[in-house]
Amino acid sequence: MELKKILVATLATTLLGAGVASAEQVKIGIAAEPYPPFTSLNSSGTWIGWEVDIINAVCAAGKLDCVVTPVAWDGIIASLNGQQIDAIMSSMSITEERMKTIDFSDAYYNTPAVIVADKSMDIAPTPESLAGKIVGVQASTIHQAYANAHFADVAEIRVYQTQDEANQDLVAGRVDAIQADSIAMAGFVESDNGSCCEIKGIVAKDEAILGKGVGAGVRKGEDALREKLNAGIAAILENGTHAEITSQYFTSSIFHE
Amino acid sequence: MELILETLGLAKSAELLSLSPPGWGANLLRGLANSLQIAFGAFGFGLVIGLFGAYGKLYGGVVVRDLLAIYTTVIRAVPELVLILILYYVGTDVINQVSQAMGYGRVEISGVVAGIWVLGIVQGAYSTEVLRGAIQAVPPGQIEAARAFGMPPFMLMRRVTIPAMLSFATPGLANLWLIATKDTALLAIVGFSELTLETRQAAASTRAYFTFFLAAGALYLIVTLCSGAVFARIEKWSRRGQPSLRGSNK
């Protein structure tokens, strides 16, 4: 009889768990990893940071009812196409490669890619200087694509699941340098944890790989949602909300060009 | 108490693990609750599949037997991590497309439900084999005697086969349960906030990797120890009336 009770309870939970989604709620996917100062989890379990504030502002301006939904970065496009989320706003650069599978809104920030290494090391952001070195990058990022295209011939590229793991291996000396976003790295080298290291410089331009800034990703063909996000982004850039949120986290503008 | 922690140099860790906000203890416990919920669900769902699967393999027709053979072979051959990625991303997409084609609109599948389904299907393949072995270990004379009394199949299963096979199945099922509790950690890969992912996030945010991973290890150990005690009782109960066995853990 015990068994029967377990069966009934299990069937009930599995069958009742799936419900029809409320029609209007838009799930904004972010990577479920700390990526300060853009997205990070605080100890009470809520997501905070520049990008979370921007998401809320864009949704308010675009008249969308949004919920921030953390998903794995590695499968974030699969989650979007699998309809677990409706849009990606997780510092995802607009690149031609990604445009093949998803659509993007207009950019809401744009920052260059940099090389970070130990202060004592004489490294410049060029293939010649990185020859024979180990370069750490995060998986499925523009930095991985860039490093593979420009540095892989001469240097060893080591790929990490999260940016944080790459940072930790730089601190521990398991990689010689890392390539990542300039703002995230500015925050990292200023922290106690990243005090060993400094930004060595901006990598040479390659718009085909590095993209045209960071935008919100949506499923192909979902133009209504994309238009609303565009309207929201345009509105917060126009009315100063974007600049106001930025000033709370950064000392300079993070919208170049 | 505080003095002891201070002298041992553990005051920082105790603060990080405390239950109220500057500490991350509450997050870890929430992750543990999610893990246990999925483990319970998946184990139960797996038992249902296993029971039908075992009966199908033993008494089913040729087609049923072949289909079940394919199911248990494929599921046990592919690494669980790969199965989770396939079933989680592809499975939810397929369900949504079917539901949209039938005009029901989008179905929202929560992480818990998806996790229970995915791990349940994996567990089902293993418990099919555990239960099949246990049913075959029941002395055939007992089942024949029940048939001779004219018991219909379901009553035979309920009164004779299941009680008699339970003592053979319990050790295997206890193993499966422990595997289920630890397989929940694989769901971290799809961003489901169970204990392992909560631990990784807490560790990465505070840089106290050692503290948090040790704490998570301790939580998994506590689950294992409690489960061990529970299964020892179940085993004793299922073997009631049989001679005691040496080495059967109490």
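1. A good place to start is one pair of residues in chain A: A:Val135 stands opposite A:Ile157, which lies in β10(A). This pair belongs to a ladder in which strand β9 (residues 134-138) of chain A and strand β10 (residues 156-160) of chain A run parallel, joined by 5 bridges. To pass from β9(A) to β10(A), the chain goes through helix α5 (residues 142-150) of chain A, and the β-α-β crossover made in this way is right-handed. Please keep in mind while reading that the model is a predicted one.

2. The two strands just described are part of an open sheet of 5 strands, whose order in chain A is β10-β9-β11-β8-β12 and whose pairing is mixed. Its edge strands are β10 and β12 of chain A, each of which pairs on one side only, and neighbouring strands are turned against each other by 30° on average when direction is ignored. An antiparallel part of the sheet is found where β8(A) and β11(A) pair over 5 bridges, and there A:Ala117 stands opposite A:Ala177 in β11(A). For the student it may help to recall that strands of a sheet pair through backbone hydrogen bonds, either parallel or antiparallel.

3. Several helices belong in the picture of this sheet. Helix α5(A), already met in the crossover, lies across β8, β9, β10 and β11 of chain A and runs at about 150° to β9(A). Helix α7 (residues 182-190) of chain A has as its buried residues A:Ile183, A:Ala184, A:Met185 and A:Phe188, and these pack against β8 (113-118), α6 (163-172), β11 (177-181) and β12 (197-202) of chain A. In α6(A), the buried residues are A:Gln163, A:Asp164, A:Ala166, A:Asn167, A:Gln168 and A:Leu170, while A:Gly173, just after this helix, takes a positive phi of about 85°.

4. Chain A also holds an open sheet of 5 strands with the order β5-β2-β6-β13-β7, again with mixed pairing; here the edge strands, each pairing on one side only, are β5 and β7 (102-109) of chain A. Within this sheet, strand β2 (residues 25-31) of chain A and strand β6 (residues 87-88) of chain A pair in the parallel sense over 2 bridges, with A:Gly29 standing opposite A:Ile88 in β6(A). Helix α2 (residues 50-61) of chain A packs on the sheet, where it touches β2, β5 and β7 of chain A, and its direction makes about 150° with that of β5(A). Helix α9 (residues 223-238) of chain A lies across β2, β6, β7 and β13 (214-219) of chain A, and runs at about 5° to β7(A).

5. Is A:Pro70, a residue of strand β5 of chain A, buried or exposed? A:Pro70 is buried, because 22 other C-beta atoms lie within 10 Å, and the cut-off for a buried residue is 20 or more. Although A:Pro70 and A:Ile30 are 40 residues apart along the chain, their C-alpha atoms are separated by 4.9 Å. Leaving out residues up to four places away in sequence, A:Pro70 touches A:Ile30, A:Ala32, A:Trp47 and also B:Gly191 of the other chain.

6. The contact with B:Gly191 leads on to the meeting of the two chains, where 31 residues of chain A are in contact with 35 residues of chain B. On the chain A side, the elements that give two or more residues are α1 (2-17), β1 (19-20), β3 (40-41), β5 (65-71) and α3 (76-81), and α1(A) gives the most, with 8 residues. Sorted by class, this side of chain A has 14 nonpolar, 15 polar and 2 charged residues.

7. The largest nonpolar core has 106 residues, of which A:Val58, A:Val116 and A:Ile178 touch the most other members; its largest share, 13 residues, comes from helix α6 (residues 111-137) of chain B. Apart from neighbours within four places in sequence, A:Ile178 is in contact with A:Val116, A:Val135, A:Gly136, A:Val137, A:Ala166, A:Asn167 and A:Leu170. A second, separate core of 10 residues includes B:Trp24, B:Leu195, B:Ala204 and B:Ala216.

8. Finally, some overall values for chain A may be set beside these details. The chain has 10 helices and 13 strands, and 42% of its 257 residues count as buried. Among its contacts between residues at least 6 apart in sequence, 72% join residues at least 24 apart.

Definitions and conventions:
Residues numbered from 1 in each chain as written. Chains lettered and ligands numbered in written order. Predicted model: local features only at pLDDT ≥ 70, side-chain atom pairs only at ≥ 80, totals over all residues. Contact = placed C-beta atoms within 7 Å. Helix = DSSP H or I, 4+ residues; strand = E, 2+ residues; numbered from the N terminus. Nonpolar A, V, L, I, M, F, W, Y, C, P; charged D, E, K, R; others polar. Pairing = 2+ DSSP bridges. Right-handed = clockwise from strand over helix to strand, strands pointing away. Buried ≥ 20, exposed ≤ 12 C-beta atoms within 10 Å, placed from the backbone. Axes fitted to C-alpha atoms, helices over the stretch in contact; angles between N-to-C directions. Core = buried A, V, L, I, M, F, W, Y, C linked by C-beta atoms within 7 Å.
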